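Work through the following exercises with the sequence and the coordinates at hand. Each task is followed by a worked solution.

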Amino acid sequence: GLGAETMITLIVLPLILAYVPGAVWALRVGGLLRLWLLCAFALLASLLAALVLSFAYSVPSTWRVVYYSLTFVGPSLLCATGSLTVANNFARTLTTQLIAAFAGSLIGLALGFAVVVYVLGVW
């Protein structure tokens, strides 16, 4: 069967990539406040998902799962939101905002992955 890492990747990557158009929409419809509220909600949702998964799979340390999950997903959400905030000052077109958010998301994902793998030593 598929390993846990593969399953996490298959679930987490589409969710992170789905955040990008949602973040652009939040910025265009509600401004920076709605964008950052969406980011906070997404971080809270990932926290709750980690808690639910840790209880469902009866892991030895629930807080370790939460910590690893937020370390892996959090930078992607924060970097996408931050890059979109910065790009908002000079980029008003939809395409430019999508590119900025996607680039920020990928940078954050790489950062989170590097921290989880090389600093925390998960894999």
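The model is predicted, with Phe102 placed in helix H3 (residues 94-119).

**Exercise 1. Place Phe102 in its surroundings: state its accessibility class and the surface patch to which it belongs.**

Solution. Step one: the relative accessibility of Phe102 is 39%. Partly exposed covers the range between 20% and 50%, so Phe102 counts as partly exposed. Step two: Phe102 joins Leu17 and Leu106 in a nonpolar surface patch. Together these residues have about 250 Å² of accessible area.

**Exercise 2. Classify the aromatic pair formed by Tyr67 and Tyr68, and give the accessibility of each residue.**

Solution. Step one: the structure holds two aromatic pairs. In the pair formed by Tyr67 and Tyr68, the rings are 6.0 Å apart, centre to centre. Pairing requires centres within 6.5 Å. Step two: the angle between the planes is 40°. Stacked pairs have planes under 30 degrees apart and edge-to-face pairs over 60, so the pair of Tyr67 and Tyr68 is tilted. Step three: Tyr67 is partly exposed at 47% relative accessibility, and Tyr68 is partly exposed at 24%.

**Exercise 3. Determine how many disulfides the structure has, and check Cys39 and Cys79.**

Solution. Step one: a search of the whole structure gives zero disulfides. Step two: the cysteine sulfur nearest to that of Cys39 belongs to Cys79, 9.7 Å away. A disulfide needs sulfur atoms within 2.5 Å, so Cys39 is in no disulfide. Step three: Cys79 is likewise in no disulfide, its nearest cysteine sulfur being that of Cys39. Step four: Cys39 is buried, with a relative accessible area of 1%, whereas Cys79 is partly exposed at 25%.

How values were computed: Residues are numbered from 1 along each chain as its sequence is written. This is a predicted model: local features need pLDDT of at least 70, side-chain atom pairs count only at pLDDT 80 or more; totals for chains, interfaces and linings use all residues. Side-chain values use heavy atoms; hydrogens and water are left out. Buried means under 20% relative accessible area, exposed over 50%, partly exposed in between (1.4 Å probe, protein chains only). Patches are made of residues with over 30% relative accessible area and no salt bridge: like charges are joined within 9 Å, nonpolar side chains (Val, Leu, Ile, Met, Phe, Trp, Tyr) within 5 Å. Accessible areas come from the Shrake-Rupley method with a 1.4 Å probe; for residues, only the protein chains shown count as cover. A salt bridge is a side-chain nitrogen of Lys or Arg within 4 Å of a carboxyl oxygen of Asp or Glu. Helices (H or I, at least four residues) and strands (E, at least two) are DSSP runs, numbered from the N terminus.
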